[in-house]
Amino acid sequence: MKLNIANPATGQQKTINLDEERRYRIFFDKKIAQEVEADTIGDEFKGYILRITGGNDKQGFPMKQGVLLPHRVRLLLADGHSCYRIRRTGERKRKSVRGCIVGPDIAVLSLVIVKQGESEIPGLTDNVLPKRLGPKRATKIRKFFNLSKEDDVRKYVVRREVKSSKKEGAKPYTKAPKIQRLVTPIRLQRRRHLHALNRRRFDRQKEQKTEYEAILQKRLAEKKAKVAAIKASHKTA
């Protein structure tokens, strides 16, 4: 079995091939999202706790969360389901997926380190990789850097260096994402303008309603006067 282990704390990832069944037997009959003590994998994993996040069987079919079976099944999948991408709007398709319970037919198992043990593992815990892409939304940037509302979010955007692939020897430049949901003076001005437009529209509708009611009352009065005049002329005749 192949174990694909990721460490979110450092951003590193490592793949380990295990030939002896006794070393990976601890994962059998465990479900996705369960945490497992990794002492039997090797001495370097003593004290480590790993969480199962997914995997593939020997034919390449992915494990699907919520399918509580240790074998493959065919399910009718639609938009929003995992293990399926729609090609047309409203499309549904019956696909083969592997259940979320780990068995001996699993070829690759994806794991995440939840708790680090005593010893360092080279290629997994010894180096911290820089974050390539940072958060894009203004509130998430504030949360990521623990900022207050007074701090300028634009100064804390994670920039990345890019080298031109078309020109050789070109000077590298930096790229940064456009901050989403950023409240700027222009945005506040636009919001005030939209509120003013709504207020004017409401006042205009109110005036038009009063004018319409006045005209309606006038027409009704004229109609009543006309009917009364006709009745009076019939009486005199």
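**View 1. F45 and Y48, a ring pair in the interior of a predicted model.** F45 is buried, with a relative accessible area of 0%. Y48 is buried as well, also at 0% relative accessibility. Please keep in mind, here and in the views below, that this is a predicted model. Counting ring pairs gives 4 aromatic pairs. In one of them, F45 and Y48, the ring centres are 5.7 Å apart and the planes meet at 65°, so this pair is edge-to-face.

**View 2. F145 and Y156, a tilted ring pair.** Here the rings of F145 and Y156 sit 5.7 Å centre to centre, with 45° between their planes, and the pair is tilted. F145 belongs to helix α2 (residues 138–145), while Y156 is in the loop between α2 and β8 (160–162), so the pair ties together parts that are 11 residues apart in sequence. Are these two rings buried or partly exposed? F145 is partly exposed at 32% relative accessibility, and Y156 is partly exposed too, at 33%. Look also for F144: ring pairs link F144, F145 and Y156 into a cluster.

**View 3. The open sheet, strand by strand.** Welcome to the sheet, where 5 strands are arranged in the order β2-β1-β7-β4-β3 with mixed pairing. At its edges are β2 (12–17) and β3, each of which pairs on one side only. From one strand to the next, the twist averages 35°. As background, strands of a sheet pair through backbone hydrogen bonds, either parallel or antiparallel.

**View 4. The parallel pairing of β1 with β7.** Strand β1 (residues 2–7) runs parallel to β7, and 5 bridges join the two. To find your place, look for I5, which stands opposite L111 in β7.

**View 5. β4 and its two antiparallel partners.** How many bridges connect β4 (residues 49–57) to β3 (residues 35–37)? There are 3, and these two strands run antiparallel. A good landmark is E35, whose bridge partner in β4 is R51. β4 also pairs with β7 (residues 106–115), again in the antiparallel sense, over 8 bridges. In that pairing, D57 stands opposite I106 in β7.

**View 6. The largest nonpolar core.** This core has 26 residues, and L3, I5, F27 and L109 are those with the most contacts inside it. The elements β1, β4 and β7 each give two or more residues to the core. β7 provides the largest share, 4 residues. You have met I5 already, as the residue opposite L111 in β7.

**View 7. F27 and its surroundings.** Which residues does F27 touch, leaving aside its neighbours within four places in sequence? F27 is in contact with L3, V36, I41, L50, I52, V102, L109 and L111. Two of these partners, L3 and L109, are listed together with F27 among the core residues with the most contacts.

**View 8. C83 and C100, two cysteines without a disulfide.** The model has 0 disulfides. Why is C83 not bonded to C100? The sulfur of C83 is 11 Å from its closest cysteine sulfur, in C100, which is too far for a bond; a disulfide would need the two sulfur atoms within 2.5 Å. Seen from the other side, C100 is in no disulfide, and its nearest cysteine sulfur is that of C83. The surroundings of the two cysteines can be compared too: C83 is partly exposed, with a relative accessible area of 29%, whereas C100 is buried, at 0%.

Technical notes:
Residues are numbered from 1 along each chain as its sequence is written. This is a predicted model: local features need pLDDT of at least 70, side-chain atom pairs count only at pLDDT 80 or more; totals for chains, interfaces and linings use all residues. Side-chain values use heavy atoms; hydrogens and water are left out. Two strands pair if DSSP finds at least two bridges between them. Rings of Phe, Tyr and Trp (its six-membered ring) pair if their centres lie within 6.5 Å; planes under 30 degrees apart count as stacked, over 60 as edge-to-face and the rest as tilted. Buried means under 20% relative accessible area, exposed over 50%, partly exposed in between (1.4 Å probe, protein chains only). Axes are lines fitted to C-alpha atoms, for helices over the stretch in contact, and angles run from 0 to 180 degrees between N-to-C directions. A nonpolar core is a set of buried Ala, Val, Leu, Ile, Met, Phe, Trp, Tyr and Cys residues joined through side-chain atoms within 4.5 Å. Contact means heavy atoms within 4.5 Å.
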